[in-house]
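Could we walk through the pockets and the surface of this protein together? I would enjoy going over them with you.

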Amino acid sequence: MDQPESSVSHAAAQTGPTPRRLGARSLVDRDELVRVIAQSLYSLGYPKAAAALEAESGVPLYPPEHDRLLLDVMSGRWDACAATIDSLAGVSERNRAVAEFLVWRGHFLELLGTGDDGVRLATEVLWRRIAPLGINRKCVHWLARAMVSCEGAVPPEAVAEWRIGLFLDLVEALPPWFRVPSGRLEHLVETAVIQQVASCIYHNLPDEVTLFEDHNCHDEQVPSDCTQILCAHKNEVWFVKFSNDGNYLASSSSDCTAIIWKVAEDDTLTKKYCLEGHKSPISFVAWSPNDKMLLTCGNGESLKLWNMDTGECNLKFGASVDHIISSCAWFPNSEKIVCASSEPESSPNMIFTCDLEGRELEMWAGERIPKVSDLAVTPDGQNLICVCPNEIWIRELRKGREWKIPERQTISSLSLSGDGQSMIVNLNSQEIHLWKTNGSSSDPDKFKGHKQGKFVIRSCFGGSDSLFIASGSEDSQVYIWQRCMEMPIKVLYGHSMTVNCVSWNPKRPQMLASASDDRTVRIWLARKTHTLT
């Protein structure tokens with residue numbers, strides 16, 4: 001029977017010389033690749049396959065020097081260990097001295113564990129072998145003191161375990177070619193995947209990653225289809241926010257109500273509660289971190305605290321007399337809130353914290369306290385971030401350290417990333433600026449393309465790993481940016497008036513909500529997810 005052509009070709013390829021360098025750019029060393037694959041096979045529990053690979057390729061997982069040094073260490077042949085280390089290529093003089101220090105220190109501590117005669121021999125090792133290496137004098141002094149205190153001495157019964165640890169320490173001090181780091185292949189593959197994902201401007205679904213092809217998402221993974229229009233409000237919708245678990249959406253309106261919407265498994269929303277009691281438009285809402293409570297703030301009114309199990313108002317509270325709360329935020333434990341008050345004009349600006357009974361805990365007031373239009377607490381509870389007309393004011397709560405980030409244009413709103421490491425502010429100059437919350441960035445990342453000049457427009461982070469930014473706009477559209485790009489990658493059409501606020505579902509990266517002066521809340525889903533469901 002004739003052999004299939006493909007088999008013949010494969011057999012011919014096997015008989016030819018194997019190139020030393022592999023890949024389109026010859027960047028991969030063949031022997032290194034074989035060793036990395038063998039190490040991965042051993043770690044995955046396939047020792048026979050790994051051994052077969054070593055035998056067939058003629059490339060051992062470890063070089064001869066590795067096995068020789070292991071045998072010498074376990075046998076206590078210290079001069080042989082030093083000789084092997086001295087023979088290794090590609091080792092800096094500093095690392096060579098460190099490795100030899102580890103060897104002779106091991107010998108020294110073993111001698112101390114053998115009694116009086118061992119102390120005399122250890123002294124010789126210290127001054128003849130260790131001191132000349134020029135290692136940190138503190139290490140030498142510690143070993144000298146150990147001759148009196150016997151601190152760190154290795155008793156005979158612990159020698160075997162001690163030498164295993166010594167060998168592992170030696171391996172870490174020697175160059176990479178001496179041993180293959182654990183999980184090296186997995187690390188290389190994961191790094192390549194991360195790099196491909198980072199360069200994909202539409203990546204939004206964590207599960208959409210495979211090793212069988214290069215990663216490349218399409219724009220269908222970003223919310224773009226309006227799948228539902230919520231029309232329960234009777235006037236302009238000013239604010240919208242998903243709960244932290246992604247199971248609810250809160251919207252507030254100039255009709256003086258807030259509505260709680262339940263997010264179903266099929267990504268549809270239904271009304272659960274209508275929160276009534278405010279006499280003025282509700283400018284914003286804030287979910288507690290545990291999602292059991294909701295704060296609502298009406299223009300010129302006291303703050304209200306709502307129980308999300310019952311939909312009832314548990315508490316109505318505000319600052320001292322003649323002060324009106326302008327913004328608020330939760331602390332991570334869901335047991336304390338921080339509020340800012342800046343009205344009326346004759347009264348000093350104030351920032352204060354209080355418990356859920358309305359009792360004031362801390363208060364900052366006076367001329368140095370800025371007029372705050374928006375604020376947030378980082379998820380770790382370490383920093384308080386306040387937005388003032390032309391600057392961002394950050395206070396490290398535990399140490400009291402403060403710093404400011406100036407902006408040339410008026411800031412209208414603030415939003416934190418999920419990890420609290422980044423923040424975005426909307427400016428009336430039709431830009432969104434992204435800053436690091438630790439103050440490490442001297443210049444912000446900028447995002448442009450939307451329209452904002454007269455009204456408060458709110459933006460948000462969203463998508464997988466907060467890789468996207470979304471914002472409302474005065475031109476009735478929703479804009480979406482990838483964090484590494486200045487101009488939008490998506491523009492969502494559908495609203496007929498100004499889009500005041502957007503919120504990205506933190507647990508469903510395919511879902512986005514937008515609130516508009518056209519009295520509606522629109523739900524946007526990624527086209528691919530919507531099609532599958």
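What follows is a short set of questions and answers on pockets and a surface patch.

Author: This is a predicted model, where local features need pLDDT of at least 70, side-chain atom pairs count only at pLDDT 80 or more, and totals for chains, interfaces and linings use all residues. Residues are numbered from 1 along each chain as its sequence is written, and side-chain values use heavy atoms, with hydrogens and water left out.

Reader: What volume does the largest pocket have?

Author: A pocket is an open set of points on a 1 Å grid over the protein atoms alone, where a 1.4 Å probe fits, with protein on both sides within 12 Å along at least five of seven lines; lining residues have an atom within 4 Å of a point. Grid points are joined across faces, edges and corners, and the volume is the space filled by probe spheres set on the points. For the largest pocket that gives about 1200 Å³.

Reader: Which residues are closest to the centre of the largest pocket?

Author: Happily, there is a clear list to look at. The lining has 48 residues, and the closest to the centre are K241, N244, S415, L416 and S417.

Reader: Which element gives the most to the lining of the second largest pocket?

Author: This pocket has a volume of about 720 Å³ and is lined by 27 residues. Strands (E, at least two residues) are DSSP runs, numbered from the N terminus. At least two lining residues come from each of β8, β9 (293–298), β12 and β20. The most, three residues, come from β12.

Technical notes:
Helices (H or I, at least four residues) and strands (E, at least two) are DSSP runs, numbered from the N terminus.
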